[in-house]
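Dear colleague,

Please find the structure below, with its sequence. My notes on what was found in it follow.

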Amino acid sequence: MNAARRLFLAAAAAMLASRVGAQGFAGLGAAVEGFDLPDPATRFGFPADHGAHDAFRIEWWYLTASLSGPDGTPYGIQWTLFRTALKPGGGAGFQSPTLWMGHAALTTATAHHVAERLARGGVGQAGVTTVPFQAWIDEWEMTSLAGPAEDALNKIALTARGADFSYDLTLQATGPLVVHGDNGYSVKSSEGQASHYYSQPFYEVSGQIVLPSGPVSVIGQGWLDREWSSQPLSERQTGWDWLSLILEDGTRLMGYRMRDTGGDFTAASWIMPDGTVDVLPDGALVMTPLRTARVADRDIPIEWRIDVAAKRLSVTITALNDAAWMATTVPYWEGPVFVTGTHRGRGYLEMTGY
Amino acid sequence: MNRVVLATLLSHWRKRPLQLVLLLVGLSLATALWSGVQAINAEARSSYADAASLLGRDQFDRLVSRDGAPINEARFAELRRAGWPVSPVVEGWQPETGLTLIGIDPLTMPAGVAPVADGKGPQIGDFLAAAGLLLVNPDTTERLEDADLPPLFATQDLPPMTAIGDIALVQKLLGKPGVISHLVIDSAAPPGLVPLDQIAPDLVRVAPENGGDLARLTDSFHLNLTAFGALAFVVGLFIAHAVIGLVFEQRRATMRTLRALGVPLRRIVVMLVLELGLLALVAGAAGVALGYLVAAALLPDVAGSLRGLYGADVSGTLTLRPGWVLAALALTMGGMLTAAGAALWQTARMPVLAPAMPRAWARASARQLARQGIAGGGFLALAAILAVVGSGLPAAFGLLAALLVGAALILPWVVAGVVGRFAGRAGGPVRQWFWADTAQQVPGLSLALMALLLALASNVGVGTMVASFRTTFTGWLDQRLASELYLNVRSPEEGAAVLDWVTPRVDAVLPIWSVSGDLNGLPGDLFGVADHATYRDNWPLLSAMPDVWDQLARGKVALVNEQLARRTGLAVGDVVVLPGGDLPVGGIYSDYGNPLAQALITLALFDARFPEAPHLRYGLRLPPTKADALAQEMTARFQLPQGAVVPQAEIKAYSLGVFERTFAVTDALNVLTLGVATVALFASLLTLAEMRLPQLAPLWALGLTRRRLAAIEVLRIVALAALTLVVAIPLGLALAWALVARVNVAAFGWQLPMSLFPRDWFALALTAIPVAGIAALWPALRLMRLPPTALLRIFANERG
Amino acid sequence: MLLTIRGLTKTYPTREGPLAVLRGVDLDLERGESLALVGESGSGKSTLLHLSAGLDVADQGTIRLDGAAVAEMTDSQRAALRRDRIGLVFQQFNLIPSLNAGANISMQARLAGRNAPDWNAHLAKALGLGDLLQRYPEELSGGQQQRVAIARALAARPALVLADEPTGNLDEANADAVLALMLGLVAEAGAGLLLVTHSPRQAARLGRQMRLVMGQSQA
């Protein structure tokens with residue numbers, strides 16, 4: 001393995017650390033010094049909070065969409081821009097301590113296409129601007145198409161490209177932004193690790209995906225997550241299972257289970273079609289693996305039973321493609337799922353640390 | 001049966017351990033010198049390959065700026081945003097450490113390009129952090145122990161004196177913020193992108209460098225080493241051949257008996273091959289070990305030469321390569337079979353009852369000598385033809401080879417002729433016998449004499465070349481380095497500040513500004529020179545138009561170096577293609593030691609053509625006595641780094657140092673070759689000594705004392721060595737001429753005036769002749785101390 | 001007395017221990033006289049000859065040539081003795097291969113400083129070598145080479161000719177002819193001849209015979 005690759009493995013590891021758990025990424029605790037910590041008192045202000053938060057160490061713009069072709073064939077796409085800072089403060093050009101990582105994926109029932117881009121801040125290769133809003137790395141872009149009176153994320157254009165796929169989509173929001181946890185202060189563990197977290201879960205998507213076999217017009221529904229923090233997760237946490245489900249009745253469910261050697265921690269947001277949120281406490285969401293598949297030499301649970309007793313929800317989620325493995329420098333599983341049971345719908349599942 | 005046969009054959013060596021030692025010494029010396037040279041070459045080539053493949057230079061297209069100006073780093077982001085998979089690189093030389101610094105962006109570098117870090121791989125935090133780290137070759141780590149640099153990590157894949165770090169760090173170390181030198185284009189560029197010439201018309205896409213210019217530049221140097229290695233190997237084979245020939249003769253009776261006892265001939269031959277194979281393996285192993293030592297001892301000098309001559313950084317530490325060991329062993333085997341070929345063939349065809357004739361083996365017929373002489377004449381004729389019509393490096397080396405082989409083949413015939421003439425007009429009986437017997441010894445000693453001739457001739461030839469070069473080079477340096485001080489500044493701003501201060505304090509400031517580019521299609525440098533007496537008075541012109549300096553000052557002509565003129569066939573008056581426009585050639589100057597093409601135009605024209613060229617180097621003219629003081633004052637006042645102000649003497653010393661190191665290797669190989677030739681002579685004499693006994697015993701019986709006979713034997717060898725030396729001197733001069741007028745021209749692009757150094761020949765005679773005498777001394781002493789019984793045994797089969 | 005040998009003993013070291021080759025041999029030879037030394041293989045004949053030529057030194061006993069004790073001479077004096085006073089003919093011809101027959105014949109005479117071309121020519125003619133003088137030893141047959149060796153031994157007109165089975169390599173007819181020539185020429189030169197042979201036929205043609213048995217002389 002060449003040094004650049006090896007180096008980058010470490011870089012990516014640092015970036016993803018909070019998402020995949022601190023385990024195996026030693027030394028991160030010390031690097032927190034000098035960065036801001038999430039504060040429950042913080043209230044979001046837009047468009048500023050659509051942009052980067054340089055005082056924090058880690059941040060992402062994370063978009064997933066469940067799509068269908070003209071013949072009903074299901075597809076899924078992912079577009080993610082990660083930001084991580086090696087140290088607080090800025091620097092001109094290549095001296096900038098900010099690193100950027102882009103992940104893009106296109107999933108079908110039989111294939112999972114992945115691409116990755118890496119960059120550092122300062123020279124303009126990757127970044128985020130708020131007015132007008134744009135997040136980009138290389139030629140991948142998430143660009144606001146919203147009118148001046150609207151929230152910048154109300155309408156966006158999204159492009160990405162890999163060696164064997166690309167997509168070019170327009171996303172129109174049909175509901176408001178949604179904040180998670182305590183006014184956007186999202187707790188990740190019983191020990192108090194947390195992030196700032198809001199979403200736009202109401203996108204109607206249309207556009208074109210390009211597969212190795214050719215272009216396909218698609219429509220579907222999308223979900224954007226915005227999250228930033230400085231704090232690595234608890235060292236006891238080995239990974240997490242996160243889901244975003246868009247149910248046929250218009251309800252959305254965001255939930256996660258932090259796998260913790262001292263007892264799992266769960267959190268969830270029950271989002272009404274009008275955007276109001278019920279924040280569900282630890283334990284309200286129960287996630288039970290039903291079936292695992294052998295993916296990338298690991299046993300990955302690709303079928304789950306999801307129970308939210310308080311909302312009378314008991315569903316099974318099943319992966320569109322078991323092999324939705326993100327073979328990026330830090331690998332994880334991320335792919336579209338189908339929902340069956342008391343509710344029906346589609347969504348995205350992310351599993352890290354396996 | 002095999003075991004019995006093999007044991008019987010091997011028993012010979014137990015009885016004659018000296019022959020065994022000689023055979024092994026001969027073969028292992030041959031292997032050692034050859035494989036030592038190969039090891040050096042392999043090490044150097046691997047360094048070149050590392051340099052060539054560094055950061056995928058040999059693999060990926062690059063984008064460079066059209067005018068050689070640095071590229072703003074924002075261009076990188078623009079290209080990335082347009083979808084072009086490019087990665088930025090900044091390069092530069094750090095005068096304080098002598099390091100070539102290369103800054104990369106590990107985030108966008110194409111996969112498989114950056115070197116592997118050894119041991120504990122550096123962490124991203126270390127690499128990208130402000131303090132950063134540099135990847136260097138393990139050798140370089142040692143050299144830089146005291147340098148003021150970020151932490152160093154060792155990696156094998158890098159050429160010496162090259163450091164790779166994060167682009168941000170290297171920009172800072174080189175004082176080039178916001179600047180990149182070129183962009184690497186990942187070969188995985190997707191289709192359908194906006195063409196580069198639309199989005200970056202100021203950048204040029206350059207194809208990967210194939211094989212590396214260094215390898216091409218240094219080819220001639222390595223060819224030189226190889227030639228020496230081959231020469232030594234051939235000389236070593238002479239030894240092996242001499243010993244094997246004798247051993248086979250002495251074992252004829254044994255083989256006859258074996259066959260009489262019912263061992264099939266085929267089996268004997270197979271066993272002989274097996275035996276030789278075993279011996280070759282032993283000799284090869286010893287040779288490889290010795291070769292490794294030779295290479296390890298010579299490598300630092302070779303590395304020094306290559307660095308000085310070509311700027312090629314070669315690791316000073318030898319790596320043991322399995323392929324090299326196997327090749328060396330195979331070579332020894334091959335050499336053994338070559339040396340034993342004739343003997344094996346004879347054995348395979350030998351009738352059962354052929355008598356043993358060790359004396360006949362040593363006695364080649366006059367016809368054979370003549371035939372050999374005719375072949376030698378053929379080679380010499382070929383050499384003459386090549387000397388007249390040949391061109392290019394292969395022809396030049398062909399000339400050398402033909403010259404040496406021809407002379408070696410013709411030597412026994414010449415010696416026999418001279419000795420025969422002496423024998424013809426003999427005085428006393430002892431003298432008559434001396435010459436007659438010497439004449440008869442010539443064929444038996446001819447291989448050893450040929451080896452001696454080759455060694456002596458190379459000594460004379462290479463010595464003459466080196467001494468000629470030294471004379472010319474020293475004189476040339478005096479002319480060429482006319483400025484008392486040379487100033488290198490880090491930036492034009494610093495330069496302006498220094499010049500403001502220094503100009504009133506010196507007689508003249510001579511800018512030395514240059515750009516790199518294609519000169520008549522060759523890579524090289526174009527310099528701008530001021531119109532100043534320094535150049536008019538000193539510049540070493542080989543040929544020029546009458547008013548060349550005036551024409552140059554008016555911008556009407558350019559001067560080109562000898563390399564450029566020779567390689568592209570330019571003469572004064574021809575038009576040379578230069579960056580920024582063609583000009584007629586006003587003159588050709590000698591430029592020893594420079595592997596590249598070079599041309600000069602007047603400074604005004606240069607400035608007009610290349611206003612952006614960095615103004616960083618100057619020559620300062622002032623009274624020599626004031627130079628040191630001014631240098632010190634200037635350095636202190638402007639806090640210039642070490643090496644920014646260089647006195648003329650220092651550059652001269654450095655240049656001469658490079659020169660001496662280059663030829664230190666040649667000298668060492670020369671001495672070693674002479675050593676091997678001495679061993680060859682010794683081996684031949686020792687093996688012959690045993691056969692000589694029956695020839696000497698009658699003289700003893702007739703009343704010559706053993707002491708006298710021994711003295712005559714030594715005298716004979718000294719006479720033969722002297723005769724060989726007499727032939728070797730003209731041959732060596734021919735060799736020197738071929739080196740100076742053909743090989744150098746083809747390899748380096750310059751011709752040297754050849755001078756003669758008779759004192760060196762005299763010194764060589766004072767070395768070679770006593771050495772030959774010493775080689776003859778031991779056999780002679782043995783003869784002197786021989787108990788009479790041993791001589792008596794000659795006279796009777798029975799002791800009755 | 002030309003050659004006087006008294007109480008001569010010589011022992012050679014061998015693998016099985018010291019071997020006494022001569023155990024007290026006495027011998028007298030006058031100028032012009034010829035003596036055949038006969039005996040079994042290993043009886044010490046050749047050793048006696050070698051000691052007489054000063055090629056080797058006895059353990060005990062004396063060898064006097066014209067009254068001078070060979071044992072008391074230095075190496076170079078013994079070399080001079082061989083050069084000036086003795087002619088040697090061996091079973092192995094021991095010609096000098098680099099010289100032609102003529103040069104081989106005159107070699108010792110020239111070394112001794114009394115080369116007489118006429119005498120050489122006479123010897124060559126008498127031995128039937130007249131046409132062969134330009135030839136080199138390797139171009140001569142065994143009988144021819146032996147005749148060259150005899151000519152060489154006699155060319156310097158030695159006082160004593162020592163011959164060790166000079167015809168051992170020749171067939172009977174040739175051997176007889178060569179011996180006859182040799183005896184004639186020795187007589188002509190006035191030299192003493194000590195000849196080792198194991199052929200009774202040849203021994204009978206010499207003036208006297210002496211038999212060696214186990215290193216001792218039996219008259």
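**Strand 12 of chain A and its partners**

Ser186(A) stands opposite Ser195(A), which belongs to strand 12 of chain A. Please bear in mind throughout that this is a predicted model.

That pair of serines is part of the link between strand 11 (residues 185–187) of chain A and strand 12 of chain A, which run antiparallel and are joined by three bridges. These two strands form a hairpin with six residues between them. In the turn, Gly192(A) has a positive phi of about 105°.

Strand 12 of chain A, which spans residues 194–211, also pairs with strand 9 (residues 166–173) of chain A, in the antiparallel sense and over eight bridges. Within strand 12 of chain A, Tyr203(A) is the bridge partner of Ala173(A). Strand 10 (residues 178–179) of chain A is likewise antiparallel to strand 12 of chain A, and two bridges join them. Here Val179(A) has Tyr198(A) of strand 12 of chain A as its bridge partner.

On the C-terminal side, a hairpin of two residues leads from strand 12 of chain A to strand 13 of chain A. Strand 13 of chain A covers residues 214–229, and its antiparallel pairing with strand 12 of chain A runs over 14 bridges. As one example, Ser199(A) has Asp225(A) in strand 13 of chain A as its bridge partner.

**Chain B and the side that touches chain C**

Chain B has 800 residues, of which 48% are buried. Its secondary structure consists of 25 helices and 21 strands. Of the contacts in chain B with a separation of 6 or more, 82% are between residues 24 or more positions apart.

Where chain B meets chain C, 27 residues of chain B are in contact with 34 residues of chain C. On the chain B side, the elements that give two or more residues are helix 15 (429–480), helix 22 (648–701) and helix 25 (788–792) of chain B. Helix 15 of chain B provides the largest share, seven residues. By character, the residues on this side of chain B are 15 nonpolar, eight polar and four charged.

**Two buried places in chain C**

Helix 1 of chain C, residues 45–52, is largely enclosed by the rest of the structure, because eight of its eight residues are buried. They are Lys45(C), Ser46(C), Thr47(C), Leu48(C), Leu49(C), His50(C), Leu51(C) and Ser52(C). Just after this helix, Gly54(C) takes a positive phi of about 75°.

The second place is Ser34(C), in strand 3 (residues 34–39) of chain C. Is Ser34(C) buried or exposed? A residue is buried if 20 or more other C-beta atoms lie within 10 Å of its own. Ser34(C) has 22 C-beta neighbours inside 10 Å, and therefore counts as buried.

Which residues does Ser34(C) touch, leaving aside those up to four places away in sequence? They are Leu183(C), Val186(C), Leu193(C), Leu195(C), Leu206(C) and Gly207(C). Of the pair Ser34(C) and Gly207(C), the C-alpha atoms are separated by 5.0 Å, although the two residues are 173 residues apart along the chain.

With kind regards

Definitions and conventions
Residues numbered from 1 in each chain as written. Chains lettered and ligands numbered in written order. Predicted model: local features only at pLDDT ≥ 70, side-chain atom pairs only at ≥ 80, totals over all residues. Contact = placed C-beta atoms within 7 Å. Helix = DSSP H or I, 4+ residues; strand = E, 2+ residues; numbered from the N terminus. Nonpolar A, V, L, I, M, F, W, Y, C, P; charged D, E, K, R; others polar. Buried ≥ 20, exposed ≤ 12 C-beta atoms within 10 Å, placed from the backbone. Pairing = 2+ DSSP bridges.
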